[in-house]
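Please examine the sequence and the three-dimensional structure shown below. The paragraphs that follow lead from one helix to the whole chain, and then to particular contacts.

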Amino acid sequence: MENNQSWIAEFILVGFQLREEMELLLFVIFFLLYIFNLLANGMILGLICLDPRLHSPMYYFLFHLAITDISYASSNLPNMLENLVKHKKTIPFVSCTLQMLFYLAFGSVECLILVVMSYDRYMAICHPLQYTVIMNWRVCTVLAIASWACGFFLALVQVSLFLRLPFCGPQKVNHFFCEIQSVLKVTCGETWINEIFLFADSVFILVGPLSLVLVSYVRILWSVLKIQSKEGRKKAFSTCSSHLCVVGFYFGIVMMVYLVPDNSQQEEQQKILFLFYTFFNPLLNPLVYSLRNAQVKSAFHRMLQKNWTL
């Protein structure tokens, strides 16, 4: 009996309960969005790798951001697309655990990379003479590795705490993927330790980084206002407004999910928020940084001209 309560073979993902025709329509829409996400972020990765003019700290961190976006979307979307096209709702326990690990890890890494990017912009605008000395490649590499290591460490802690819990009864998870809060609701054991650690992680990975980003941009705004050149102010505002747009969208949605008190009546709204975040946040970064960034657009045009001449 203890064995039966401690181990299960699979979870049932409730998701959005729709007719089969509607699920097929959603499959087509979500599949196209996923492919566009891979192409858009892949384009950013390709441009940064191939164009020497983009080999700078800012684009080095943008490279990591694009990898994170591709990885985050790929951690849960393929399973959801499979469920939509096959009209099934199950996911094996091991796959669910891995999905939980990767989405927590990549989400945390993205938070930290956004903080590092804000620090890079702060140094570039507020301390331009010292920028190349302080933001050298060794420092950039250490910051990137630390972001990835910290993100995966926090995710491993959460998953380790999850694996100690027993399960019994119907394993219906009220979500379209293995989101940790939804999975914890179907366990039989006490989850208060998990909830405390999850809240602590949310404060550490959301409130702390967002505070650092806001402090950085207050200092940046103050420095930009002191720039005498109108063209210089415009260029600085353009770069920073792009980053702030991404930061506001990312942190706003995640904080609404993890820092707002849990309410069973808000479960459907949270699923919609996660759906919006899962599909559109990975698309927002390449769109913002390509459409609003002159250097990326120039690199794209040079690449097109090079391929056209070949």
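What should the 31 residues of helix α2 span at 1.5 Å a residue, and how far apart are its end C-alpha atoms? In this predicted model, helix α2 covers residues 20-50, and its expected span is 45 Å because each step along a helix counts for 1.5 Å and the number of steps is one less than the number of residues. The end C-alpha atoms of α2 are 44 Å apart, which agrees with that expectation. Several residues of α2 are buried, among them E23, F30, Y34, N37 and I48.

Helix α2 belongs to a chain whose secondary structure comes to 11 helices and three strands. Along the sequence, these elements follow the pattern α-β-α-α-β-α-α-α-β-α-α-α-α-α. Of the 310 residues in the chain, 48% are buried. The chain exposes about 15900 Å², and carbon and sulfur atoms supply 69% of this area. Among contacts between residues at least 6 apart in sequence, 81% join residues at least 24 apart.

The interior may be considered next. In soluble globular proteins, nonpolar side chains tend to be buried together. The largest nonpolar core here has 93 residues, and F11, F30 and Y103 touch the most other members. Helix α4 (residues 93-126) gives this core its largest share, 21 residues.

Y103 also belongs to a cluster of ring pairs, together with Y72, F176 and F177. Leaving aside residues up to four places away in sequence, Y103 touches several residues, including Y72, F177, Y258 and F274. The structure holds 13 aromatic pairs. In one of them, the ring centres of F176 and F177 are 5.2 Å apart and the planes stand at 50°, so the pair is tilted. F176 counts as buried because its relative accessibility is 5%, and F177 counts as buried because its value is 0%.

Charged side chains also form pairs, and a search of the whole structure finds two salt bridges. In one, K89 is joined to E23, with the closest N and O atoms 2.8 Å apart. This pair links distant parts of the chain: K89 lies in the loop between α3 and β2, whereas E23 lies in helix α2, 66 residues apart. K89, at 26% relative accessibility, counts as partly exposed, whereas E23, at 4%, counts as buried. In the other salt bridge, D120 pairs with R121, the closest N and O atoms being 2.9 Å apart. Both D120 and R121 are buried.

Definitions and conventions: Residues numbered from 1 in each chain as written. Predicted model: local features only at pLDDT ≥ 70, side-chain atom pairs only at ≥ 80, totals over all residues. Heavy atoms only, no water. Phe/Tyr/Trp six-rings, centres within 6.5 Å; stacked < 30°, edge-to-face > 60°. Buried < 20%, exposed > 50% of the residue type's maximum accessible area, 1.4 Å probe, protein only. Helix = DSSP H or I, 4+ residues; strand = E, 2+ residues; numbered from the N terminus. Core = buried A, V, L, I, M, F, W, Y, C linked by side-chain atoms within 4.5 Å. Contact = heavy atoms within 4.5 Å. Areas by Shrake-Rupley, 256 points an atom, 1.4 Å probe, with all protein chains shown as cover. Salt bridge = Lys/Arg side-chain N within 4 Å of Asp/Glu carboxyl O.
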